[in-house]
Amino acid sequence: MWGIIANINRNESAAMTVDLHCHSTASDGALPPATLVARAHARGIRLLALTDHDTLEGLDEARNAAARLNLQLVNGIELSCTWGGATIHVLGYAFEPQAPALREAIEALHRGRWQRAEEIDRRLTARGMPGALDGARQIQRELGDSGNAPARPHFAEFLVRAGYVRDRSEAFRKWLGAGKLGDVKQHWPALEETVATLQAAGAWISLAHPWQYDFTRSKRRRLVADFAAAGGHALEVVNGMQPAEQVGSLAILAREFGLMASVGSDFHAPGDWSELGLYRPLPEGLTALWERFEHVQLSTISS
Ligand code: MN
Ligand code: MN
Ligand code: MN
């Protein structure tokens with residue numbers, strides 16, 4: 001049955017049935033987990049992984065909503081780490097959410113994100129823009145509260161509302177974007193450490209959007225080699241509507257390093273640049289990572 005689904009998923013109609021990358025209000029998405037799951041179901045998705053940044057907070061709500069809709073939900077997370085001086089994202093799936101190694105890693109990331117938010121607040125205050133942390137928290141609460149620190153999109157919205165900038169893009173251009181005052185570097189764990197954490201929780205592990213890092217081809221290839229050597233299982237060969245040439249190059253890398261493939265929309269908000277279930281077809285000749293998610297009820301997916 002899995003083979004059938006994997007094949008279906010390689011043509012366009014089935015691009016709708018699996019989505020292994022999306023975000024809710026538990027991190028930087030716009031929809032609460034239950035709303036996100038309902039939207040995925042309405043769009044024909046049968047197998048969904050919620051992959052919020054560095055948190056498991058949305059999973060219980062998503063799982064309950066999925067059970068009511070007969071949609072298969074797989075535990076997911078998108079963890080930040082460093083490699084070669086850059087921030088890298090690693091996706092973990094179908095893990096044991098209570099695994100101590102994972103809990104501790106998330107707790108450390110959580111503390112780091114709060115420290116970063118406080119530092120952004122200090123820097124903006126020093127430039128005559130006080131109240132940013134409270135303002136960003138307020139915006140988070142309006143979206144559906146989580147215990148996570150506000151992220152740069154929340155600070156951007158605060159700067160707009162406080163009248164310091166005209167819109168969010170100006171907020172990033174002037175204050176929050178790469179190299180600007182609000183671009184506070186965080187001390188993420190190393191890639192190898194993050195892969196080990198996910199392994200300790202029994203996760204299936206995929207390297208998120210390998211094309212999004214600002215790397216040369218040879219550096220990207222080294223990243224994939226190190227990820228495979230560390231014990232990673234898959235590349236996210238398809239991330240939303242990224243150019244087809246990139247998908248093709250990533251498929252070649254996956255085959256070269258003997259890695260499986262994962263697919264996902266990286267959905268954050270309705271009307272944004274992505275949509276649930278919307279991504280380019282997976283090229284032929286790759287093994288779908290989700291065929292390994294053993295606890296998923298196969299009959300439900302393939303019916
Ligand atoms: Mn995000
Ligand atoms: Mn990412
Ligand atoms: Mn993402």
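Biologist: Buried or exposed: which is His89?
Modeller: His89 has a relative accessible area of 18% in this predicted model. The cut-off is under 20%. His89 therefore counts as buried.

Biologist: Which residues coordinate the manganese ion (ligand 2)?
Modeller: Donor distances run from 2.1 to 2.2 Å. The donor atoms are an OE, an ND1 and an NE2. They belong, in that order, to Glu78, His89 and His209.

Biologist: How many residues apart are His89 and His209?
Modeller: The donors of the manganese ion (ligand 2) follow the spacing E-x10-H-x119-H. His89 sits in strand 4 (residues 86-93). His209 lies in the loop between strand 5 (204-207) and helix 9 (217-230). The pair links distant parts of the chain, 120 residues apart.

Biologist: What is the relative accessibility of His209?
Modeller: The cut-off for buried is under 20%. His209 counts as buried because its relative accessibility is 4%.  The value is 4%.

Biologist: Which residues hold the manganese ion (ligand 3)?
Modeller: The coordination distances are 2.1 to 2.3 Å. In sequence the donors are spaced H-x1-H-x54-E-x187-D. They are His21 (NE2), His23 (NE2), Glu78 (OE) and Asp266 (OD).

Biologist: Where in the chain are Glu78 and Asp266?
Modeller: These two donors of the manganese ion (ligand 3) are 188 residues apart. Glu78 belongs to strand 3 (residues 72-83). Asp266 is in the loop between strand 7 (260-264) and helix 11 (298-302).

Biologist: Why does Glu78 count as buried?
Modeller: Buried means under 20% relative accessible area. Glu78 meets that cut-off because its relative accessible area is 1%.

Biologist: What distance separates the manganese ion (ligand 3) from the manganese ion (ligand 1)?
Modeller: The manganese ion (ligand 2) and the manganese ion (ligand 1) are 5.6 Å apart. For the manganese ion (ligand 3) and the manganese ion (ligand 1), the distance is 4.5 Å.

Biologist: How far apart are the C-alpha centres of domain 1 and domain 2?
Modeller: The assignment gives domain 1 as 17-106 + 194-299. Domain 2 is 115-176. Their C-alpha centres are separated by 27 Å.

Biologist: Which three residues supply 60% of the area that domain 1 buries against domain 2?
Modeller: The two domains bury about 490 Å² between them, 43% of it on carbon and sulfur atoms. No other three residues of domain 1 supply more of its share than Thr25, Asp28 and Glu57.

Biologist: How many salt bridges does the rule find across the interface of domain 1 and domain 2?
Modeller: Contact involves 7 residues of domain 1 and 6 residues of domain 2. Residue pairs in polar contact, both at pLDDT 80 or more, number 0. The salt bridge count is 0.

Conventions
Residues are numbered from 1 along each chain as its sequence is written. Chains are lettered from A and ligands numbered from 1 in the order in which they are written. This is a predicted model: local features need pLDDT of at least 70, side-chain atom pairs count only at pLDDT 80 or more; totals for chains, interfaces and linings use all residues. Side-chain values use heavy atoms; hydrogens and water are left out. Donors are N, O and S atoms within 2.8 Å of the metal (3.2 Å for Na, K and Ca); water is not among the atoms, so sites may look incomplete. Helices (H or I, at least four residues) and strands (E, at least two) are DSSP runs, numbered from the N terminus. Buried means under 20% relative accessible area, exposed over 50%, partly exposed in between (1.4 Å probe, protein chains only). Domain bounds come from an automatic or database domain assignment. Contact means heavy atoms within 4.5 Å. Buried area is the accessible area (1.4 Å probe) that two parts lose on being put together, summed over both. A salt bridge is a side-chain nitrogen of Lys or Arg within 4 Å of a carboxyl oxygen of Asp or Glu. A polar contact is a pair of N or O atoms within 3.5 Å; within protein, one must be able to donate a hydrogen and the other to accept it, and residues adjacent in sequence count only if both atoms are side-chain atoms.
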